[in-house]
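Reader: I am new to this structure. Please take a close look at one part of the surface, and then go on from there to the contacts and the overall build.

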Amino acid sequence: FIVVMLATGTLERNGLKQASAALISKIKGATPGAIINAYGILRTFFGAFNVGLGGVAGFIRPVVIPMCEGAITSKGETPNPEHMESVKGMAGAIDNITWFFAQVLVVGGSGALLVQGTLKDLGYTSDLVAMVGYELPVCIVAVIVTIVYYTILDRHDMKKYYGKGGK
């Protein structure tokens with residue numbers, strides 16, 4: 001945690017927030033929901049290989065949230081504080097959802113071993129490879145449902161806070 005905090009602080013002091021906001025402002029049609037959904041897909045992909053991206057403290061707060069703010073400002077709007085709290089909640093939730101379901105896709109990962117150990121204590125035998133086969137469609141459905149929900153929520157919030165999808 002201390003290393004993440006120091007690295008994030010150093011990067012922010014040297015313009016990480018501004019660089020991520022400037023990058024996303026060049027992409028037409030980008031909205032906070034689209035950015036969060038793209039992050040969720042990346043998080044799921046890397047989570048399936050048990051590769052963490054830093055989570056809320058190391059990636060969402062210093063990179064994803066400024067990108068969401070940049071998407072709003074690129075439309076000529078000022079980010080609404082109430083809307084940004086909703087965006088932060090969406091970003092944190094998609095991080096948790098994708099990591100929760102994707103970490104079990106690693107055959108020797110801690111999530112799969114925890115499930116296998118729990119099942120063993122309850123008297124069930126389980127095969128890690130078979131478990132991944134069962135978990136894969138669950139993970140895909142969970143991510144798709146989350147993305148659809150966040151797309152609908154994003155459209156609603158952009159209309160609510162900035163008019164018809166922003167300027």
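Author: A nonpolar patch on the surface is formed by L136, I140, I144, V148 and I152, which together have about 450 Å² of accessible area. Such a patch is made of residues with over 30% relative accessible area and no salt bridge; nonpolar side chains (Val, Leu, Ile, Met, Phe, Trp, Tyr) are joined within 5 Å, and like charges within 9 Å. The areas come from the Shrake-Rupley method with a 1.4 Å probe, and for residues only the protein chains shown count as cover.

The model is predicted: local features need pLDDT of at least 70, side-chain atom pairs count only at pLDDT 80 or more, and totals for chains, interfaces and linings use all residues. Residues are numbered from 1 along each chain as its sequence is written, and side-chain values use heavy atoms, with hydrogens and water left out.

One member of the patch, I140, sits in helix α7, residues 128–162. Helices here are DSSP runs of H or I with at least four residues, strands are runs of E with at least two, and both are numbered from the N terminus. I140 counts as partly exposed because its relative accessibility is 43%. Buried means under 20% relative accessible area, exposed means over 50%, and partly exposed lies in between (1.4 Å probe, protein chains only). C139, the residue numbered just before I140, is buried, at 1% relative accessibility. C68 is buried too, with a relative accessible area of 0%. The structure holds zero disulfides, a disulfide being a pair of cysteine sulfur atoms within 2.5 Å.

Helix α7 also takes part in a salt bridge, that is, a side-chain nitrogen of Lys or Arg within 4 Å of a carboxyl oxygen of Asp or Glu. E82 and K160 form one, with 3.9 Å between their closest N and O atoms. This pair joins distant parts of the chain, since E82 belongs to helix α5 and K160 to helix α7, 78 residues apart. K160 is exposed, at 51% relative accessibility.

Three salt bridges are found in a search of the whole structure. Another of them is made by the side chains of R43 and D95, at 2.8 Å from N to O. R43 lies in helix α3 (residues 32–47) and D95 in helix α5 (residues 81–102), so that distant parts of the chain are linked across 52 residues. R43 is buried, at 6% relative accessible area, and D95 is buried as well, at 5%. Helix α3 also holds I36, which is buried, with a relative accessible area of 0%. I36 and D95 are 59 residues apart in sequence, yet their C-alpha atoms are 9.1 Å apart in space.

The side chains of E85 and K88 form a salt bridge as well, at 3.2 Å from N to O. Both residues belong to helix α5 and are three residues apart, about one turn of the helix. K88 counts as partly exposed because its relative accessibility is 41%.

Aromatic contacts come next. Rings of Phe, Tyr and Trp (its six-membered ring) pair if their centres lie within 6.5 Å; planes under 30 degrees apart are stacked, over 60 edge-to-face, and the rest tilted. By this rule there are six aromatic pairs. One of them joins F45 and F46, whose ring centres are 5.4 Å apart and whose planes meet at 75°, so the pair is edge-to-face. F45 also pairs with F49, again edge-to-face, at 5.2 Å centre to centre and 65° between the planes. Ring pairs thus link F45, F46 and F49 into a cluster. F45 is partly exposed, at 48% relative accessibility, and so is F46, at 29%. F49, at 55%, counts as exposed.

Helix α6 covers residues 110–121; its twelve residues reach 16 Å from the first C-alpha to the last, close to the 16 Å expected at 1.5 Å a residue. That expected span is 1.5 Å times one less than the number of residues. After α6 comes G123, whose phi is positive, near 95°.

As for the overall build, the chain has seven helices and zero strands. From the N terminus on, its elements run α-α-α-α-α-α-α. The chain has 167 residues, of which 38% count as buried.
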